[in-house]
Amino acid sequence: MSELSQSSASPIERSWQRCLHQGLSRRQSVELDLLPQGELSARQEQHRVLIASFQRFVLPLFGQLLAGRPCRLLLCDGEGAILAASGDDGFARHAERIFLRSGARWGEASKGTNAIGTALAEQSEVQVLGNQHFFAQHSFLSCSACPLLGPDGQLLGVLDISTDAAHHDGDMLGTVRLLAMTLENALLARQPGWLVDLEPQSLWSA
């Protein structure tokens with residue numbers, strides 16, 4: 001793809017091109033890309049502040065906004081490894097068969113086009129619906145994801161909402177954007193010299 005066509009392509013199109021360049025095949029069987037034994041615990045300890053803020057500030061809001069809906073909220077690190085998950089248990093069992101669980105890595109190199117990996121590659125929010133996933137095995141799934149930035153502006157990871165494709169409503173991308181902003185503000189509130197109101201975009205220097 002030329003530089004001009006690359007610039008005019010959508011994030012999904014660019015992702016599919018990356019997958020093809022890596023030699024991936026849409027019909028191949030998707031392998032489990034799981035963190036080595038003990039590595040998940042090590043990463044969870046490394047990101048303990050992130051996970052604690054996720055549990056304290058994001059999960060209650062997620063419960064209010066999406067109560068009763070068949071979806072999962074996934075907190076991932078900068079390699080797309082799932083650190084923590086919450087949401088509907090019924091959908092969680094359905095998602096288990098494609099390894100959408102803690103410790104699994106969802107970078108594009110192993111999982112093709114998907115909201116987690118593509119949000120990391122593009123460093124922007126993205127929605128991947130049904131057959132937009134590169135691997136046919138993932139076509140039952142729809143996901144919306146938003147990158148997470150630390151107080152220093154560096155990429156920390158990704159927040160993702162995943163559902164069955166039939167239940168991924170139009171508000172999912174806006175919801176994950178709000179949850180990501182809530183988490184970023186919670187992390188900023190821990191920094192010396194800052195006071196943060198966790199209402200969106202309300203922050204000021206002390």
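**Exercise 1. Work out how strands β4 and β5 are joined, and what sits between them.**

Step 1. Start with the ranges: β4 covers residues 141-149 and β5 covers residues 155-164. Strands here are DSSP runs of E with at least two residues, helices are runs of H or I with at least four, and both are numbered from the N terminus.

Step 2. Nine bridges link the two strands, and they run antiparallel. For two strands to count as paired, DSSP has to find at least two bridges between them.

Step 3. Now pick out partners in β5: Leu148 stands opposite Gly157, and Pro147 has Val158 as its bridge partner.

Step 4. Look at the hairpin: five residues lie between the strands, and Gly153 has a positive phi near 85°.

A quick note on the ground rules: this is a predicted model, so local features need pLDDT of at least 70 and side-chain atom pairs count only at pLDDT 80 or more, while totals for chains, interfaces and linings use all residues. Residues are numbered from 1 along each chain as its sequence is written, and side-chain values use heavy atoms, with hydrogens and water left out.

**Exercise 2. Place β4 in its sheet and find what packs on that sheet.**

Step 1. The sheet is open and has five strands, in the order β2-β1-β5-β4-β3, with antiparallel pairing. Its edge strands, β2 (82-87) and β3 (126-129), each pair on one side only.

Step 2. On average, neighbouring strands are turned by 20° against each other, direction ignored. Axes are lines fitted to C-alpha atoms (for helices, over the stretch in contact), and angles run from 0 to 180 degrees between N-to-C directions.

Step 3. Helix α4 (residues 48-66) packs on the sheet and touches β1 (71-77), β2 and β5; its direction makes about 160° with that of β1. Contact means heavy atoms within 4.5 Å.

Step 4. Back to β4: β3 pairs with it over four antiparallel bridges, and Val128 has Cys143 of β4 as its bridge partner. Eight of the nine residues in β4 are buried (buried is under 20% relative accessible area, exposed over 50%, partly exposed in between, with a 1.4 Å probe and protein chains only).

**Exercise 3. Is Thr163 buried or exposed, and which side chain does it make a polar contact with?**

Step 1. Thr163 is found in β5. Its relative accessibility is 0%, so Thr163 counts as buried.

Step 2. The side chains of Thr163 and His168 form a polar contact of 2.9 Å. That term needs a pair of N or O atoms within 3.5 Å; within protein, one must be able to donate a hydrogen and the other to accept it, and residues adjacent in sequence count only if both atoms are side-chain atoms.

Step 3. Leaving aside neighbours within four places in sequence, Thr163 has contacts that include Pro70, Phe91, Phe140 and Met172.

**Exercise 4. Describe how Arg177 is placed in helix α8.**

Step 1. Arg177 belongs to α8 (residues 172-189). With 38% relative accessibility, Arg177 counts as partly exposed.

Step 2. Not counting residues up to four places away in sequence, Arg177 touches Glu125 and Cys146. Arg177 and Ala145 are 32 residues apart in sequence, yet 7.7 Å apart in space, C-alpha to C-alpha.
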